[in-house]
Amino acid sequence: VEIQNNEMEINQKELLILNQKEEDLRELKKIIMEYESLKEIYEEIKDELKKALEIEEKIKEREELVKVFETMNKKYRKLEDKYKEEENRFYREQAGILAEKLKDGKPCPVCGSTYHPQIAVKNDAISKEELEKLKKQLENEEKKKNKANDDVTIKNTQIDTLNNNLKYGDLKVSLVEYIKIIKENFKNQEYHRSEERRVGKE
């Protein structure tokens, strides 16, 4: 009987140990699941930060491209004004050359009038070749300006696409503000998980 009692005590102890091990194993599984869940959140936040930093970089690049466009546009406008002025002077010069040959009573080769109350006067204008050269320069500057404008548009599209891929809004706010949003979201997720654990224990 005593041997049987001893064996029963040993069996009960072994059963308690086994039950404790099972409980420990369950607890360990819970910890692993929590760790995996936290790891997932961490990876998600790391990915969001990476995307946000990439957008911030693109925004800086866009600022530089806008400066280039503004410089090109200013240069183009200045050359455009010069071209228009030289073109007007050239045509006034041509009118002056025609006017030299006008005689009262004789028809004007341009309008046909035989009355010439205010005859155009020649001025020192650039030649036709020089005007053509200036026009080509203007066309080249326009191409550069348009290219600079296209570069800004492309960069804006890239920023919009990246913004649309962000999980917690967009980076129209500053990078610092967006990081605050990410941190707040992380805290909320942490709170919900701790609540789930608390309810689970109850």
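Isoleucine 55 is found in helix 1, where helices are DSSP runs of H or I with at least four residues, numbered from the N terminus. Isoleucine 55 is buried, with a relative accessible area of 0%; buried means under 20% relative accessible area, exposed means over 50%, and partly exposed lies in between, with a 1.4 Å probe and protein chains only. Its partner to look for is asparagine 163: these two residues are 108 residues apart along the chain, and their C-alpha atoms are separated by 7.4 Å.

Before going further, please keep in mind that this is a predicted model, in which local features need pLDDT of at least 70, side-chain atom pairs count only at pLDDT 80 or more, and totals for chains, interfaces and linings use all residues. Residues are numbered from 1 along each chain as its sequence is written, and side-chain values use heavy atoms, with hydrogens and water left out.

Now for the overall layout. The protein chain has 3 helices and 0 strands, a strand being a DSSP run of E with at least two residues. Read from the N terminus, its elements run α-α-α. Helix 1 covers residues 2-100, helix 2 covers residues 128-164, and helix 3 covers residues 175-201. Of the 202 residues in the protein chain, 19% are buried.

Helix 3 offers another pair to find in the viewer. Asparagine 185 has its place in helix 3 and is partly exposed, at a relative accessible area of 22%. The C-alpha atoms of asparagine 185 and isoleucine 45 are separated by 9.2 Å, although the two residues are 140 residues apart along the chain.

Let us turn to the charged side chains. Side chains of opposite charge can pair when their charged atoms come close. A salt bridge here is a side-chain nitrogen of Lys or Arg within 4 Å of a carboxyl oxygen of Asp or Glu, and by this rule the count comes to 9 salt bridges. One of them brings together the side chains of glutamate 61 and lysine 155, at 2.6 Å from N to O. This pair links distant parts of the chain, with glutamate 61 in helix 1, lysine 155 in helix 2, and their positions 94 residues apart. Which of the terms buried or partly exposed fits glutamate 61? Because its relative accessibility is 30%, glutamate 61 counts as partly exposed. Lysine 155, by contrast, is buried, as its relative accessible area is 12%.

Other salt bridges sit within one helix. In helix 1, arginine 89 forms a salt bridge with glutamate 86, and the closest N and O atoms are 3.7 Å apart. Arginine 89 and glutamate 86 are 3 residues apart in helix 1, so about one helical turn separates them. Arginine 89 is partly exposed, with a relative accessible area of 24%, while glutamate 86 is buried at 10%.

Helix 2 holds a pair with the spacing of one turn as well. Lysine 144 forms a salt bridge with glutamate 141, the closest N and O atoms being 3.6 Å apart. These two are 3 residues apart in helix 2, so they are separated by about one helical turn. Lysine 144 counts as partly exposed because its relative accessibility is 41%, and glutamate 141 is buried because its relative accessible area is 9%. Salt bridges that share partners also join Asp47, Glu48 and Lys51 into one network.

Glutamate 48, a member of that network, is found in helix 1. Glutamate 48 is buried, with a relative accessible area of 3%. Its side chain makes a polar contact of 3.1 Å with the side chain of lysine 51. A polar contact is a pair of N or O atoms within 3.5 Å; within protein, one must be able to donate a hydrogen and the other to accept it, and residues adjacent in sequence count only if both atoms are side-chain atoms.

Finally, look at lysine 145 in helix 2. Lysine 145 is buried yet has no salt bridge, and the nearest side chain of opposite charge, glutamate 142, is 5.2 Å away. Lys and Arg count as positive and Asp and Glu as negative, with His and the chain ends not counted. A polar contact of 3.4 Å does join the side chains of lysine 145 and asparagine 146. Glutamate 142 also lies in helix 2 and is partly exposed, with a relative accessible area of 32%.
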